[in-house]
Amino acid sequence: MAAITIKDMSVSYNKGKSYVLDKLNLTVQDGEFCVFLGPSGCGKSTAMHCVAGLLEPVDGTIHFGEELMTEVSGGKKKNFVPPQERNIAMVFQEYALYPNMTVRKNMSFALETKKAPKEEINKRVDTMAKMLSIDHLLDRRPAELSGGQRQRVALGRALVRDPQVFLLDEPLGNLDAKLRDQVRYELKKIQTQLGITTIYVTHDQTEAMTMADHIVLMKDGHIMQEGTPNELYNHPNCEFVAGFLGTPQINLFTVRVTEVNGALVLNADSFSLPVPVELVACLKPYAGKDVHLGIRPSDLLITEDGLIPAAVESIEPLGDAHLVYVRIGEQVVVVKHAEEEAPAAKSLKLSPNPAKLHLFDPSTEKRINP
Amino acid sequence: MQNHVGIERSREAQQAQTVKIRPRWHMTVLHIVYYFIMVAFLVFYMLPFWGTVMTSFKTNSEVMTSTPITPPTEWTLEGYASAMEELGMPLMTSLVVTIFGAAGSVFLGSVCAYALSKWRFKLNNVFFIALVAATYLPFQAILIPLLQTINALNLYDNVWGLVLVHSVFGMPMCTVMMRGYYADVPDALIRQAMIDGNGMWAIYRKIVLPNTMIATITTFVFQCTSIWNEMLFALVLGGYDSKPATIALNELAGTMAAEFNVQMAGSLILALPVLVLYIFMGKYLISGQMSGAVTAS
Ligand SMILES: Nc1ncnc2c1ncn2[C@@H]1O[C@H](COP(=O)(O)OP(=O)(O)O)[C@@H](O)[C@H]1O
Ligand SMILES: [Mg+2]
């Protein structure tokens, strides 16, 4: 068990012609559940393979606790602990089950390599198999399993071990919705119990939000923002982060900051909103300019005296709430109406929660409000 | 709707085509010619074999008085008995050389193929190209220095000399054959085995070999056949005491010019092990067993 520290790590698959990861800096605390989140192809698996020692960066260092695992500078390898000596457990995106071994043998393979006592191995495998509901499959071979079963075996194989670090690369990708929720819950529970530092790769923001202690949101080989799920959701530092987290997606408007009678107002074609006092200071420099205003669907409330007129386009019931698609000016916007009754009127008045406005600079896409 | 019409039309077009083909007189003639050629080849290939089998079961006097293709009036094993007298020792020699030579070359080839397909090192490709080139090497080109080397090692006229030579010279071919199979073992499996605490050789033993048994068996059978049938090294390096069966059979033909029944029996004895090997190993050479390793998609 150890913290993972990555310093100035760059990775290139073509000897430095282009970089998949560019000067990545990151610390994963001891015992933390850290999620690498980002769109497909942003370099999540690459970063994880570097931590595992399956891939050498062209630059940078990786420490587990105080121990130096990888040190490369300018393409020259100075220190490198091979993967088999790093004491990690990993689930690959492609499962990588050994086809010549039964499920039980697959799960016990690493422990047998470490020469753990036989009874101990069997006990752990049985417990874990039960927890993942694969105990009836222990004598089968991988070829005789469905995709979801294979994925659970791959997960179980990692979880029976007692490693320094867990590395999980999209381990729930092939499970159906119900099973995914169940395994997600089990996985988080097991991780909390064992307290083993975990890196979890996913492109699914729901998984990240529900499981992570620490989210690292990546795009094109760069970290866009990191922090707790709450920090990222409530204080996204740029439009990309705001848009990536939360379903349905955040609504974005282009509004002009104008000064009317000494007070600041956000003006759009079809509505204008007063600027809340907390935001006056930071919006002052933007007077007369456009900014992007982000409001999450759940922060748009349907009220009698709302300032934003909207025409209802369609309504999706969610059971305990409704997603109301409305037209504001030219734009279609989603409102999450947390009532069992759908709004009856065809035209509504909306008022945003003034404490939950997200403002972004249109040119840099960076957050304006503190 | 449109689709339906399309299907109808194509069916019509198909029918039109078959109708067009059938009455062409020259197609029928062509068929007859094909069959004639095939039968001719069949006879051409099978007749000597038939003659060999028939002759091997005749007495020496009957060989003189009958054509090779008529069945014997009196079936006898006397040809086989005489042949075994001459071929007994050489067959043992061949057996030892074949089994150990094939095992040696398959082992060396397997290790090379594993390193070449799964581990990146400098000059990886150069090494592979050199190996491929080596499979095209004409052995007569290196025969004299080879003989001198074997002499210097004091392995002339010695089974182990032949085993050594076959192991080494069979290795490039085995490497090329097995590299293809090993490349099909997913890299994710190798990585997973590393994560599970295994080094390069443990992975070879526990993961790569068990999952490519077919490659090993196929290559082994192939090597057995070519070593069993080999004559050049056998002639030059075998000497007198450890001459393999191919050479002994050749001498059988030379020294007993008239005893065709013995010669034919000897030929069949020599051919038998290879036939048996193919019949029994055949089932291993058919199906794959790599399924279920990685994402099914
Ligand atoms: N073995 C490889 N060789 C060359 N490029 C690669 C290789 N693996 C990944 N890449 C590239 O690196 C980028 C990041 O890939 P990856 O880390 O797999 O992304 P993610 O896991 O976030 O989907 C992608 O653009 C991908 O095309
Ligand atoms: Mg990936």
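A polar contact is a pair of N or O atoms within 3.5 Å; within protein, one must be able to donate a hydrogen and the other to accept it, and residues adjacent in sequence count only if both atoms are side-chain atoms. In this predicted model, local features need pLDDT of at least 70 and side-chain atom pairs count only at pLDDT 80 or more, while totals for chains, interfaces and linings use all residues. Residues are numbered from 1 along each chain as its sequence is written, chains are lettered from A and ligands numbered from 1 in the order in which they are written, and side-chain values use heavy atoms, with hydrogens and water left out.

An oxygen atom of ligand 1 lies 2.6 Å from a side-chain N or O atom of Ser45(A), and backbone N or O atoms of Gly43(A) and Cys42(A) lie 3.1 Å and 3.3 Å, respectively, from an oxygen atom of the ligand. Of the 560 Å² of accessible area (Shrake-Rupley method, 1.4 Å probe) that ligand 1 has on its own, the protein covers 55%.

Helix 2 of chain A (helices being DSSP runs of H or I of at least four residues, numbered from the N terminus) spans residues 103-113 and is largely enclosed by the rest of the structure, because eight of its 11 residues are buried, that is, under 20% relative accessible area with a 1.4 Å probe and protein chains only. Among these buried residues are Val103(A), Met107(A), Phe109(A) and Leu111(A). The buried residues of helix 2 pack against helix 3 (118-131) and helix 4 (147-159) of chain A, together with helix 9 (200-211) of chain B. Just after helix 2, Lys115(A) takes a positive phi of about 60°.

Technical notes:
Buried < 20%, exposed > 50% of the residue type's maximum accessible area, 1.4 Å probe, protein only. Helix = DSSP H or I, 4+ residues; strand = E, 2+ residues; numbered from the N terminus. Contact = heavy atoms within 4.5 Å.
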